[in-house]
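Please read the following account alongside the sequence and the coordinates. The account moves from strand pairing to the contact between chains.

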Amino acid sequence: MNCNESRLLLHGYSDRELDREAHREVEAHIDDCSSCRDIHRRNVSISKALAHESFYYRAPADFREHVLASIDPPENDDAEKQSWWNSRPRLSWEWAVAFSLVVIVVMLATWPVRSPSDDLANELVASHVRSLMADHVTDVVSTDQHTVKPWFDGRLDFAPPVIDLAPQGFVLVGGRLDYASNRSVAALVYKRRQHVINLFVFPEQSGVPASEGSTLKQGYNLIHWNRSGMTYWAISDLNLEELKQLAHLYQDWQQ
Amino acid sequence: MNMTAPPTNNFVANTNRLEFEKTVLPHFDAAYNLARWLTRNVTDAEDVVQEAYMRAFKFYGGFKGGDGRSWMLRIVRNTCYSWLQKNRSSELVYELSDELCDDKRSGPEVEMLENAERQWLRQKIEELPAPFREVIVLRDIEGMSYKEIASVTESPVGTVMSRLARGRERLQEQAGVDEAGGKR
């Protein structure tokens, strides 16, 4: 590979977006070529610099409410200009009955096609979203795995492995008790740039076949795997490639 | 049970509404972040996000499931561009002005950037033309994959990679110029 070819692929290389073969070729080239290596090094430092949270503009707290309130339900037959959000507390019994009916219909309609792991995935996505919305990501806040791991002792009937992955760019933020699949589970919280990753850990359930895979739900990436008698689910809005890195780091550590 | 028609319509609207909120509300910050970087201004970002969410709600019926974040960001992006077209069309034919390059700060190479350097980098990104700026924001700040960025910007993955390359090269060139008063 010469410099011209390398330049075309270099950014994909820095972003770990190339397939294995192309990745190796660029890697071999930048071993020898200091100018391409410099570009790669600078790409990485720009990406690292931009990962700082000050570059991520978060919406002001009341702005979200404001936008929600401004969205009118479609074909609002009442002259009333009030949004659904504002009228929410005035729930009448008709609404309540109707809403329950809708919930039941939706449940009946979706029940048979869902596999148990799909149910679990939905449950865990809900936990993940809730942990972010309620601003209750962690019960124990620590970047030290030797603080987080003992914290779970006595709170759970199993010991989740807690690994320090800061050198690999996954900062341990803390841990939390959560509830899923009818049992208490450990939620380990990592951060990659501004993205929160919930890693749910619980013992394998008897009768549930071990499986591995990844899915996308509501814009969140989920990866699950089993190791040494434990089931793991990692969930984040982080891109799938980077989330896979976390999974691999955990899997390699337990080899 | 004797149900009249209007409430039924409302139930439907209500379920849609809940589904809608479940799909796109988790991405509110992502929407705001993109709008803020593209408009480079708080008030305008808020206007764009508000309009984008109203559009998204209106067209929610067309959402076929899948990646809610890419879908929402695509709408935010389109809203941004029509907004810029209407209000600041001069910006879309945007050129880097020379006087912006004579600031003497060191480039973004230092890993632990001090506040001032972050400010410098922020300014340089804001000065990039929108097509380069948006891919850098989506990749390095939002953390999306090339495939997801391609879906948001409705362009091929190859275009995403080459825009990213050109955008970063511009940042790097400026870093080089600012650092040494000339290229290394």
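What follows describes a predicted model, beginning with three strands of chain A and ending with the side of chain B that touches chain A.

Start in chain A with strand S5, residues 213-217, and strand S6, residues 220-227. These two strands pair in the antiparallel sense, and five bridges hold the register between them. One point from which to trace that register is A:Ser214, whose bridge partner in S6(A) is A:Ile223. S5(A) and S6(A) form a hairpin with two residues between the strands. In its turn, A:Gln218 has a positive phi of about 50°.

S6(A) is also joined to strand S7 of chain A, residues 230-236. This pairing is antiparallel as well, with seven bridges. Here A:Asn221 can be followed across to A:Ser236, its bridge partner in S7(A). S6(A) and S7(A) again make a hairpin with two residues between the strands, and A:Ser228 takes a positive phi near 45° in that hairpin. S6(A) therefore pairs with both S5(A) and S7(A), since two strands count as paired when at least two bridges are found between them.

Turn now to the contact between the chains. On the chain B side, 47 residues are in contact with 44 residues of chain A. Eight helices of chain B, H1 (5-24), H2 (28-39), H3 (42-58), H4 (68-87), H5 (115-127), H6 (130-141), H7 (146-153) and H8 (157-180), each supply at least two residues of this side. H1(B) gives the most, with ten residues. By class, the side of chain B that touches chain A has 21 nonpolar, 15 charged and eleven polar residues.

Methods. Residues numbered from 1 in each chain as written. Chains lettered and ligands numbered in written order. Predicted model: local features only at pLDDT ≥ 70, side-chain atom pairs only at ≥ 80, totals over all residues. Helix = DSSP H or I, 4+ residues; strand = E, 2+ residues; numbered from the N terminus. Contact = placed C-beta atoms within 7 Å. Nonpolar A, V, L, I, M, F, W, Y, C, P; charged D, E, K, R; others polar.
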